[in-house]
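Me: I'd like to learn how the words used for a structure like this are justified. Could you take me through a few of them?

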Amino acid sequence: MPVEGLKEIATALAIGLGALGPGIGIGLIGLGALEAIGRNPEAEGKIRTNMILVVAFAEAVAIYALVIALIIKFT
Amino acid sequence: MSSGIHISLAAEKLFQIGNIFWVTNSLLTSWLVILFLIIFSYLTARKMSLVPGYLQSIAEITVEGIWNLFSTILQDRTKTFFSLIATYFIYIISLNWAGLLPGVGTIGLEMVEEGHKVFVPLFRSGTADLNTTLALAIIAMLIIQFSGLKTLGLNYLKKFINLSSPIMFFVGILELVSEFSKVISFSFRLFGNIFAGEVLLTVIAFLMPVFAPLPFLGLELFVGFIQALVFSMLTAVFLSLATVKSEH
């Protein structure tokens, strides 16, 4: 197992695998929001506000992975 | 000639006040942003007239927009918490956008550190420093706990220490842990978004300085706005959850 270059692999794996879950999650949130707007176009404002809130929660998990990747790379 | 990109996770220290207080470049930028906000509010509120002038219209649009946005979340308690939420929103969005100004991250000094020369930028976005975001998150959480205690009295602690059944006791412990995890998630969400944006802009400007940074600058403007919105909206949501009066 080569020792040099392990740090780069760790960085890439951290953010690569860490973005899988939130990517799917944000897609599902968008799906739910668009279906809801299609069913009830009047409530578009409320649905949009809540969608942005929940997307921020899901994206935060990807940001945790990104911060770990940055910490591995720069220290 | 600086070699390669200069990216540092922690904010770089500039100079020392007294014997123990280090001023970092993100602290310097935060001070400048605060100064700008104070001067702006002073100039706006100096002569308030019924028919608003230019500066006053901008301030009114901002305040009214934030009020309308948050009055849907905190229905009748908007007035109590508005100053906190609006301050968070305006402060965080100003700090985020200040990191996009030309000169931030590029104007700097050459300092000698541990024997070799190192380039230290003079300005850095305030929220790209984990200390700032952690401080904002801790203050938000403390105010939420304090408001909960103030509105509900000591019954607020029944949310965390629930002795009615073993399952509810476990749920109470989980609630306690989730309060601490909220601090971590608030601070890391804001820090990660803004710091990653800065790294992205640095790398893109290093690779192709002429036209490529434009869409990324637009993305960073959007992300700065959304992160400020999410921070203040989540604080508002948790505040309204903590101060809900139980109707019996």
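Reply: Gladly! This is a predicted model, where local features need pLDDT of at least 70, side-chain atom pairs count only at pLDDT 80 or more, and totals for chains, interfaces and linings use all residues. Residues are numbered from 1 along each chain as its sequence is written, while chains are lettered from A and ligands numbered from 1 in the order in which they are written.

Me: What makes the crossing of helix 4 of chain B and helix 5 of chain B right-handed?

Reply: A crossing is right-handed if the near helix is turned clockwise from the far one by less than a right angle, and left-handed if anticlockwise. The crossing of these two helices is right-handed, so it belongs to the clockwise case.

Me: At what angle do helix 4 and helix 5 of chain B pack, and how far apart are their axes?

Reply: They pack at about 145°, with axes 8 Å apart. Angles run from 0 to 180 degrees between N-to-C directions, and axes are lines fitted to C-alpha atoms over the stretch in contact.

Me: Why is B:Ala236 said to be in contact with B:Phe70?

Reply: Two residues are in contact if their C-beta atoms, placed from the backbone, lie within 7 Å. B:Phe70 is one of the contacts of B:Ala236 beyond four places in sequence, and B:Ile85 is another.

Me: Which residues of chain B touch chain A, by class?

Reply: That side has 8 nonpolar, 4 polar and 1 charged. Asp, Glu, Lys and Arg count as charged, Ala, Val, Leu, Ile, Met, Phe, Trp, Tyr, Cys and Pro as nonpolar, and the others as polar. Helix 5 of chain B gives the most, with 7 residues.

How values were computed:
Helices (H or I, at least four residues) and strands (E, at least two) are DSSP runs, numbered from the N terminus.
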